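Open the structure in your viewer and keep the selection tool ready. We will go from stop to stop.

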Amino acid sequence: MKLLVLSDSHGDLNTVKLIKSLQADEIFHCGDSELSAKDPLLNGIHIVRGNCDRDEQFPATIVQKLGDETVFIVHGHEHDVKRSMLTLSYAAAEQQATIALFGHSHLYGAEMINGVLFVNPGSTTQPRGGRVATYAVIEIDDVYTVSFYGMNHDLIDQIIFNK
C-alpha cells in the first residue's frame, strides 16, 4: 500500500495539484491548506483542519481504516507537537492507531513510538529549519518505508521501520 502525505500548503494550489497527480492508494493532507472544504481540488484527499484554516467544515481529526492499518490524522497544533510528542502519542493510542500523521511544525520527520509510526511530511511551501519543501510517501508491506521528497520529486531522506 502506498500513502502520500502533505501538510501546510498554505493556499498554494500548485503543490496540492502536483501531489494529487502522483500514483497512490490514499492521499492525506494534515491541515493548513487554507482552501475551502468545497474546493474540487480536495476531492479524494483525506484532509483535516489546521490552525490557519478558516473553513470549519474540515474535521479536526480523521481516523481511517486501511486494511490492517488504522491511520490517525491531525494537524498537530491541538496536540502541542512543537514541544512534545506525548499528547499526540496518547491520542493515537486512544484511537488504536498504527500510523499517526500530523503537520504544523513545517519540519519533516518520522519515528516509531510504542509501535505507532508517526510521520510529519513537513511543509510543501514554507519549510523551516533550513530544510527544503517536502511531502512524504509511506509504503507499507512487511515494513514501513517512509520517504521524504522535495517538490521536484528528488529523494531527500528515507527511513525504514519494522512493523
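This tour visits a sheet, two helices, a hairpin and the cysteines.

**Before you start.** This is a predicted model, in which local features need pLDDT of at least 70, side-chain atom pairs count only at pLDDT 80 or more, and totals for chains, interfaces and linings use all residues. Residues are numbered from 1 along each chain as its sequence is written, and side-chain values use heavy atoms, with hydrogens and water left out.

**Stop 1: the open sheet.** Show the strands. Helices (H or I, at least four residues) and strands (E, at least two) are DSSP runs, numbered from the N terminus. Six strands make an open sheet with mixed pairing, in the order S3-S2-S1-S9-S10-S11. Select strand S3 (45-47) and strand S11 (155-162): they stand at the edges, each with a single partner strand, so one side of each has no neighbour in the sheet. From one strand to the next, the twist averages 20°. Two strands count as paired if DSSP finds at least two bridges between them. Strands of a sheet pair through backbone hydrogen bonds, either parallel or antiparallel.

**Stop 2: pairs within the sheet.** Select S1 and S2. They run parallel, joined by four bridges. Leucine 6 has histidine 29 in S2 as its bridge partner. The chain crosses from S1 through H1 to S2, a right-handed β-α-β crossover. Right-handed means that, with the strands pointing away from the viewer, the path from the first strand over the helix to the second runs clockwise. Now add S3. Three bridges join S2 to S3, again in parallel, and phenylalanine 28 stands opposite histidine 46 in S3. Next, select strand S9 (residues 134-140) and strand S10 (residues 143-150). These pair in the antiparallel sense over seven bridges. Look for alanine 136, opposite phenylalanine 148 in S10.

**Stop 3: helix H1.** H1 lies across strand S1 (2-6), strand S2 (26-29), S3 and S9, and runs at about 175° to S1. Axes are lines fitted to C-alpha atoms, for helices over the stretch in contact, and angles run from 0 to 180 degrees between N-to-C directions. Pick threonine 15, in helix H1 (residues 13-20). Is threonine 15 buried or exposed? At 9% relative accessibility, threonine 15 is buried. Buried means under 20% relative accessible area, exposed over 50%, partly exposed in between (1.4 Å probe, protein chains only). Leaving aside neighbours within four places in sequence, threonine 15 is in contact (heavy atoms within 4.5 Å) with Ser9, Thr124, Thr125 and Met151.

**Stop 4: helix H2.** Select residues 86-94. The buried residues here are Leu88, Ser89, Ala91 and Ala92. They cover an arc of only 160° around the axis, so they are on the same side of H2. The arc is that of the directions from the helix axis to the C-beta atoms. Tyr90, Ala93 and Glu94 are exposed on the other side. The buried residues of H2 pack against strand S5 (69-74), strand S6 (99-101), strand S7 (108-113) and strand S8 (116-121).

**Stop 5: the hairpin.** Select S7 and S8. They form a hairpin with two residues between them, and asparagine 114 in the turn has a positive phi of about 50°. Six bridges pair S7 and S8 in the antiparallel sense.

**Stop 6: the cysteines.** How many disulfides does the structure hold? It holds zero disulfides (cysteine sulfur pairs within 2.5 Å). Why? The sulfur of cysteine 30 is 14 Å from the closest cysteine sulfur, in cysteine 52, too far for a bond. Cysteine 30 is buried, at 0% relative accessibility, whereas cysteine 52 is partly exposed, at 27%.
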